[in-house]
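Trainee: Could you take me slowly through the aromatic rings of this chain, and explain each term as you go?

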Amino acid sequence: MRHVSILIPNGQFSIVNIAGAFQILEAANGMNVKRKGQELFELEFVSTGRPSKDVLGLYTVNPTKLIGEIKNTDLIIVPAVHASIDIVLENNRDIIEWILDHYKKGAEVASFCIGIYLVAETGILDGKICSTHWAHAEKLKARFPKLKVKDENFITEDDGIYTSGGAYAFTNLILYLIEKFGGRTLAIEVAKNFMIDIDKGTQSTFSIFNGQKNHKDRLVLKVQNFIETNFENKFTVDELASDHSIVRRTLERRFKKATANSINEYLQRVRVEAAKKQLEQDRKTINEVMFDVGYNDGKAFRDVFRKHAGLTPIEYRQKYDNTSIAFSRN
């Protein structure tokens, strides 16, 4: 049986992450007892003090152990904490050191959403693949440049560290852990009981591309603004460079450094985001949408759309078309 420490960090912690992880893992325990006569997980709420209250006074959790009382643990679960990252890290120095200490002792670590900041601060994620909420990916990369952030992934695993994407993606990571330690059959049973869509692989379906503008390169910002207001038109990188009085190679280098995208990749993402909005709201055909966002080749449009949205244009419309939302009422 694996000892699991569900951390209660200091600050505005996610009660959903904490209670949800406990509920799903405890349910897995019960199902495994029926199947094999034994529990899989020994679950503990672990914190720096008793009781643990969130900063707004909305929630109170009574930890079963303080961090100093845990001598050994097999898995540490780190929930999201909602506040300024600087404040979150400063208020959780003891917990950060505790995570590092137990990882060195052999414990594995699972972070939910922006709980990854606490894990990244330990340094144990340096050089490793990880994920977080898609809206935090650029901030995470900027603060911890040694991380290999895969913001399109729902979950990642690298050297005993598990990470998950935004908000309720933690349920998929919990299922992943249940499958790893308890087997596929148990994971499917848990997924069915909690109505969780098992085997999700990408956050791209849910992400909203807002451009990467958290930099100070004014020339690149001008090029970004030009792309975002002229994406439906045809233009080349050479033309962009000439219009902005810069050598193409220099422009491409500066653009990549500032945005982490090539110019063509950035244009693709802007066009796909525009297409997504039309597919959600308008009654235009797929071809009309394709032409509106600057494509005239159906296959090229579908390939680019699927690459960045995780679905084909037709699948995306079926999933998010707000004119055909079905519901029942008495």
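Mentor: What follows is a close look at the aromatic ring pairs and a charge beside them. This is a predicted model, in which local features need pLDDT of at least 70 and side-chain atom pairs count only at pLDDT 80 or more, while totals for chains, interfaces and linings use all residues. Residues are numbered from 1 along each chain as its sequence is written, and side-chain values use heavy atoms, with hydrogens and water left out.

Rings of Phe, Tyr and Trp (for Trp, its six-membered ring) pair if their centres lie within 6.5 Å, and planes under 30 degrees apart count as stacked, over 60 as edge-to-face and the rest as tilted. By this rule the count comes to 11 aromatic pairs. One of them joins F22 and F45, and because their ring centres are 5.2 Å apart with the planes at 35°, this pair is tilted. The pair links distant parts of the chain, since F22 lies in helix α1 (residues 15–36) and F45 in strand β2 (residues 41–47), 23 residues apart; helices (H or I, at least four residues) and strands (E, at least two) are DSSP runs, numbered from the N terminus.

To describe how covered a residue is, we call it buried under 20% relative accessible area, exposed over 50% and partly exposed in between, using a 1.4 Å probe and protein chains only. F22 has a relative accessibility of 31%, so F22 counts as partly exposed, whereas F45 is at 18% and therefore counts as buried.

Another pair is made by F305 and Y316, whose ring centres are 5.6 Å apart and whose planes stand at 80°, which means that the pair is edge-to-face. This pair, too, links distant parts of the chain, with F305 in helix α13 (residues 298–309) and Y316 in helix α14 (residues 313–320), 11 residues apart. Both F305 and Y316 are buried, and together with Y295 and F301 they form one aromatic cluster.

Within that cluster, Y295 also has a charged neighbour: the charged end of R271 sits over the ring of Y295, 5.1 Å from its centre. A charge is said to sit over a ring if NZ of Lys or CZ of Arg is within 6 Å of the ring centre and within 35 degrees of the ring normal. As you look at the model, you can therefore follow the cluster from F305 and Y316 to Y295 and F301, and then find R271 over the ring of Y295.
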